[in-house]
Every structure is written in C-alpha cells, then in structure tokens.
Amino acid sequence: MDTMRDRFATTVSELLDEDPRIALVLAEISADRFTRAARRHPERVVNVGIREQLLVGAGAGLALSGLRPVLHTFASFLVERPFEQLKLDFGHQDVGGVLVSSGASFDIASGGFTHMSPGDIGLLDTLDGWTVHVPGHPDEAETLLRHAVAAGGQRVYVRLSDQVNAVGRTVDGARASLVREGRAGVVLAVGPVLDEVLAATEGLDVAVLYATTVRPFDGAGLRHALAGAVPDVVLVEPYYAGTSTSVVAEALVDRPHRVLGLGVGRRELRRYGTAAEHAAAHGLDAAGLRQRVTAFLDSRAG
C-alpha cells in the first residue's frame, strides 16, 4: 500500500495536468516527488526553499491572482512556524488555499520536538473559516484532497499521517460514518486512530463513529449515533487530547452528557523513540484506550 504522502504527490500531479488554476508551493519537503510536474508546469510549481513564511505568503499571493494554491511541508513547519502568515495573508485577506501537511503529531519522532505538531488543529481553531480533513487511509486522503482543491475559495487543511488504518472507507468531506452500533455510549475516532479504537472497544456495547472531517464538525452525525444510547462520548483524536471537546459540547448543548477527550498528552516526551512508542506512551494504542474507555463508562455506574 502506498503512503498518504505518495498518494498526495500522485493526486496533485494529476490535478496540475487537469486544471490550469492549480498551483503547488513547496518548501523543499517532497520536492523530489514533483520533479516531473515541475518540468511540465514550471510556472505553477514553486519551491521556495526552507522558508516557510514565504511558502505561505507566496501561496496567498497566488490565490490573490486567481489560482488555487496547494501548500505543502511538515505540519510543524506549515501551521506553527508561519502562523502569522496564515492569520494575515490568508485569513485577513480572505483568500482560499489548501494546506497539506505530513508528519502529523509524532510520525517523525527521530526528528525530535521540532518535527512534532500535536497542536496544529487547535491552533487553526483560533482562526475563522478553516475546513479540516484528517484522513485515515491513502484512499481517503485522495478523496479529501480532491474535495479540498475543488472547494472554490475555501481555506482547507488536510492532515496526512504515516499512521494508517488497514481499510479505506467511503468519505464525503463532511459527514462522519457509523462503523459499529452500541447503546452504552459513542466512541468517536478521528482518522488514523480508528483501527486502535475498534480493537480497544471489541466486545463493548458502544457505538463507534468515524470522522475524517473535523471542521466543520458533524454534530448531527454525533446526535444520530447517540439516539437511544447512553449520552457518554469518548473522543479519540490523533493530536492534543481535548481539541474537539468544545465542538462536541456545542453539538449536545441541549442534552445532558459526559465527554472524555483522549489524544496526545501535553507533557513533552523527550526520548525520540518511534511513532508507535509515542502512541503507546500517550495511551493511544488499543490497550491504553481500552483501559481509559472502560474506566470512563464504568464511572457512570459507580
């Protein structure tokens, strides 16, 4: 199976051939994957070098000229480092574009904390008008990339990861899907954590809801999944724990409920390790999730 990053390169190269409005801006990362595309479209494939603020500024300039820019680098360099440019060049100027990151929260664990970005979604939440996709499989990544590029003047962030689920699912760029039914609550799994959530909840009487588009949040889908179920929600996200608890609360504002937010902890893990070791240390493996989900559900009875 190819990676999400492989599929990104293939998909965007095809879009550059198909649509003269598409432009790609790189900051060295993945440039080797677009050598052919750069030869075919030198006026629309731009590598600014290791200058992430310029990456965003140049992308916004292309948007102002009428193009649909796709910007790409690692998540920490795409959202955190040039955040002011995102706020002003895209948000304040009210232009659209597509940000495509890789590396996710701790995929590049050997790169240390500079290459980790578990706070990217929370940071974008401080800005108005961003759509956020978090695919869990390369097939989903392709579908969501095509949705993002076709989304007119909208601002869209697509968060790619090396961590993937075994099976790609049908996604539409808006709604969550019910993967498993249950009556003792709902576990909402975001993107690449779905397989671990399914393993962790095996045999439990809980519904499993799968989301790959987290902004705007599918509140109606959550309410539907909770129909006839205990109003307990466990939110499992592959970035900072609790990032989406506020939108869950907003979706259920008229209904008494409990929410447990699981994800990456705030404490910095200073040993580089591997992505799998980081996931286990944050309790995002099946064993860690099982323990915390069951404890939360049992606490209602206690």
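Helices and strands are DSSP runs here, numbered from the N terminus. With that in hand, let us walk through this predicted model, beginning in the loop between S1 and H2, where Ser 30 has its place. The phi of Ser 30 is near 70 degrees, a positive value in a residue other than glycine. Is Ser 30 buried or exposed? Ser 30 counts as buried, because its relative accessibility of 2% falls under the 20% cut-off.

Stay in that loop for a moment and look at Phe 34, which lies between strand S1 (22-26) and helix H2 (35-40). Its ring partner is Phe 8 in helix H1 (residues 4-18), 26 residues apart from Phe 34, and the pair links distant parts of the chain. The two ring centres are 5.5 Å apart and the planes stand at 70 degrees, so the pair is edge-to-face. Phe 8 is buried, with a relative accessible area of 0%, and Phe 34 is buried as well, at 1%. A search of the whole structure gives 3 aromatic pairs.

Asp 94 makes a nice counterpart to Ser 30. Asp 94 is not a glycine either, yet its phi is positive, at about 55 degrees. This residue sits in the loop between H5 and strand S4 (97-102), and Asp 94 counts as exposed, with a relative accessibility of 59%. For another backbone feature, move on to the loop between strand S10 (213-215) and helix H9 (219-226), which holds Pro 216. The peptide bond leading from Arg 215 to Pro 216 is cis, and its omega is near -5 degrees.

Now for the interior. In soluble globular proteins, nonpolar side chains tend to be buried together. The largest nonpolar core in this model has 26 residues, and those that touch the most other members are Leu 71, Leu 86, Phe 90, Trp 130 and Tyr 157. Which elements give two or more residues to this core? They are helix H3 (52-64), helix H4 (75-80), helix H5 (83-92), helix H6 (120-124) and strand S5 (130-133). H3 provides the largest share, 4 residues.

Two arginines are worth a look for their aromatic partners. The charged end of Arg 258 sits over the ring of Phe 296, 4.2 Å from the ring centre. Likewise, the charged end of Arg 266 sits over the ring of Tyr 240, at 4.2 Å from its centre.

Next comes the empty space. The largest pocket has a volume of about 260 Å³. It is lined by 15 residues, of which Gln 163, Pro 192, Glu 196, Ala 279 and Leu 284 are the closest to its centre. Helix H8 (194-200) and helix H11 (275-281) each supply at least two residues of this lining, and H11 gives the largest share, 4 residues. Sorted by class, the pocket lining has 10 nonpolar, 2 polar and 3 charged residues.

How many cavities of 30 Å³ or more does the search find? There are 2. The largest cavity has a volume of about 80 Å³, and of its 14 lining residues, Phe 113, Val 264, Arg 267, Leu 269 and His 282 are the closest to the centre. Its lining has 7 nonpolar, 4 polar and 3 charged residues. The second largest cavity holds about 40 Å³ of space. Among the residues that line it are Gln 163 and Pro 192, and both names also appear in the lining of the largest pocket. By class, this second cavity has 4 nonpolar, 3 polar and 1 charged residues in its lining.

Terms used
Residues are numbered from 1 along each chain as its sequence is written. Side-chain values use heavy atoms; hydrogens and water are left out. Rings of Phe, Tyr and Trp (its six-membered ring) pair if their centres lie within 6.5 Å; planes under 30 degrees apart count as stacked, over 60 as edge-to-face and the rest as tilted. Buried means under 20% relative accessible area, exposed over 50%, partly exposed in between (1.4 Å probe, protein chains only). A charge sits over a ring if NZ of Lys or CZ of Arg is within 6 Å of the ring centre and within 35 degrees of the ring normal. On a 1 Å grid over the protein atoms alone, a cavity is a set of points where a 1.4 Å probe fits but cannot get out, and a pocket is an open set with protein on both sides within 12 Å along at least five of seven lines; lining residues have an atom within 4 Å of a point. Grid points are joined across faces, edges and corners, and a volume is the space filled by probe spheres set on the points. Ala, Val, Leu, Ile, Met, Phe, Trp, Tyr, Cys and Pro count as nonpolar, Asp, Glu, Lys and Arg as charged, and the others, Gly among them, as polar. A nonpolar core is a set of buried Ala, Val, Leu, Ile, Met, Phe, Trp, Tyr and Cys residues joined through side-chain atoms within 4.5 Å.
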